[in-house]
Amino acid sequence: MSSDEEDLDLNDDTTSQMETITDDGGDIMEIEDPSLQNSPAPSPLQPSINTRQLDEKIDPQLLTCASYDCVPLAAAVHPSPIFSLATTRCYRWVLTGSEDGYIRKWDFFTSMNGKTALTQAQRHYYVDSVTLAGVLSSWWENEEIPESVKPTEGFEEPIATLPREPKLSPVFSLDIHSEALWAVQGCENGSINLTSVRHEEGKCHHVLRKHTAPVSVLMITPDEIGVISGSWDKSVLEWDLNTGSVVRSYDGYSSQISSAEFQPIYTPYSETDQDPNNTALLWNKKNDNVLMTTSIDGQCLLWDRREPTQQARRLPIPDRTPPWCLSACWSADGSKIYMGRRNGTVDEYDFASQKWIQSFRMPANSGPVSCVKSMPNGKHIICASNDNIRLWNTTTESNFTIRPDSEPGFAKPSKLSSIIPFSILPGHHGGTISHISIDPTCKYMITTSGNRGWDGTSTNGCLFYDISAVTTA
């Protein structure tokens, strides 16, 4: 992959250190590993030997609990709406991309350990539990880099375009390498900046150019040698980061791309298992063969990357459902799909049959559901609408549930009228939620507010949550 700048080895780990997180989620401990001193350097962008010892196994209680307790503790203060969010695998570093064109790097565990407190004026905008301030480590600009032209006769080097002032672009999308070696950033003009993070933070080493409109979705593939991008130009592309070229185009969209996610690989955990399968405790591993993408017109397409000539499977839109979707997610075991709608509902689909199962209707005047996320116990999802974020139990029958066999005007039994299948998570009110992220151990959660360039208001809020299991109903 050529570049006007110096070459970058994206998997070069120049230190022989291993990072582990303490049991209480505290500071990172650095321990030298003598066995790595004479190890050969990994080739660029190829999967290297795993030198990290990070315990990602989830507490079994979080897999079988009756509910969850999510409490916001820290707020990362931003001056403008937050369009994008990305975290490292261990959650040590958090990147946020804002409408103002800046990417901010936050130290998550230093923030949660209370190294800095919010001022009294800042605390006024949050619930009482939010007393800590996010610790900002660094920041850099997201610039639209002009494209070089071919050299003319008599010149050996490429000639840049006419000089102009650097243009900052809102960070419409963002993703980061699992160990914070590099990141990809989406720009308004359709370009994707590949920047270093661990060394020379924010330096752009290459620009991926193909899209012609804002890049609204960026997702690094599980093997971390490629990236999936979606744009307002109604296209989804797969890039090879070894060469910087497009290896596949996913066609069939008629609207702007809003989200993308690989299918989880997860075996449900049972309390009766005497010898639980260890893979069951790693609930967010991904199947890199099955990809789900959504567009803002409400369409959800399912792709099998092993079949490059096969058309995508398309999920049906329920009757009387407006064509709109900003976010969709898989269930923890990859068997179901949840899609947030403009009419304040979340649709549940069966992946195997691609059929609509049921919908969950938010209370009146809640507003569009802009973000959804599933929890590892297989029962709960997190639904973010304009008024609040709700933890919803999908297995509870109530008057808020809509099923295909329910006729218009159908009156459900009165005994269901008093059943509330959700609880409200504190910390958010009155704005569009752009992203929800949950760490691999399901101990922490991050929410950000921003309209991502579409309709909707923003509170500029970024909250860090602590998650614990509730064992009794």
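This report walks through a few strands, some unusual backbone angles, an annotated repeat and a cavity in a predicted model.

Because the model is predicted, local features need pLDDT of at least 70 and side-chain atom pairs count only at pLDDT 80 or more, while totals for chains, interfaces and linings use all residues. Residues are numbered from 1 along each chain as its sequence is written, and side-chain values use heavy atoms, with hydrogens and water left out.

**Strands around β25**

Let's start with β25, which covers residues 345-350. Strands here are DSSP runs of E with at least two residues, and helices are runs of H or I with at least four, numbered from the N terminus. Of the 6 residues in β25, 5 are buried, where buried means under 20% relative accessible area, exposed over 50%, and partly exposed in between (1.4 Å probe, protein chains only).

β25 has a partner in β24 (residues 336-340), joined to β25 by 5 bridges in an antiparallel arrangement; strands pair if DSSP finds at least two bridges between them. Across this pairing, Y338 faces E348 in β25. The two strands make a hairpin with 4 residues between them, and G344 in the turn has a positive phi of about 75°.

β25 also runs antiparallel to β26 (residues 355-361), with 6 bridges joining them. Here Y349 stands opposite W356 in β26. This hairpin too has 4 residues between its strands, and Q354 takes a positive phi near 55°.

**Positive phi in two loops**

Most residues other than glycine have a negative phi. Two loop residues with positive values are set out below.

| Residue | Phi | Loop | Relative accessibility |
|---|---|---|---|
| Y91 | near 70° | between β4 (82-87) and β5 (93-98) | 1%, buried |
| E200 | about 50° | between β13 (191-196) and β14 (204-209) | 45%, partly exposed |

**The annotated repeat**

An unreviewed UniProt entry places "repeat: WD" at residues 75-107 and 208-249; positions follow the numbering used here, feature names are shortened, and annotations may be inferred rather than shown by experiment. Residues 75-107 are 0% helix and 58% strand, with their end C-alpha atoms 12 Å apart.

**The cavity**

A search of the whole structure finds 1 cavity of 30 Å³ or more. A cavity is a set of points, on a 1 Å grid over the protein atoms alone, where a 1.4 Å probe fits but cannot get out; lining residues have an atom within 4 Å of a point. The largest cavity holds about 40 Å³, and its lining includes Y338, S374 and H380.

How values were computed
1 Å grid on protein atoms, 1.4 Å probe; cavity = no way out; pocket = protein on both sides within 12 Å on 5 of 7 lines; lining within 4 Å. Points joined across faces, edges and corners; volume = space filled by probe spheres on them.
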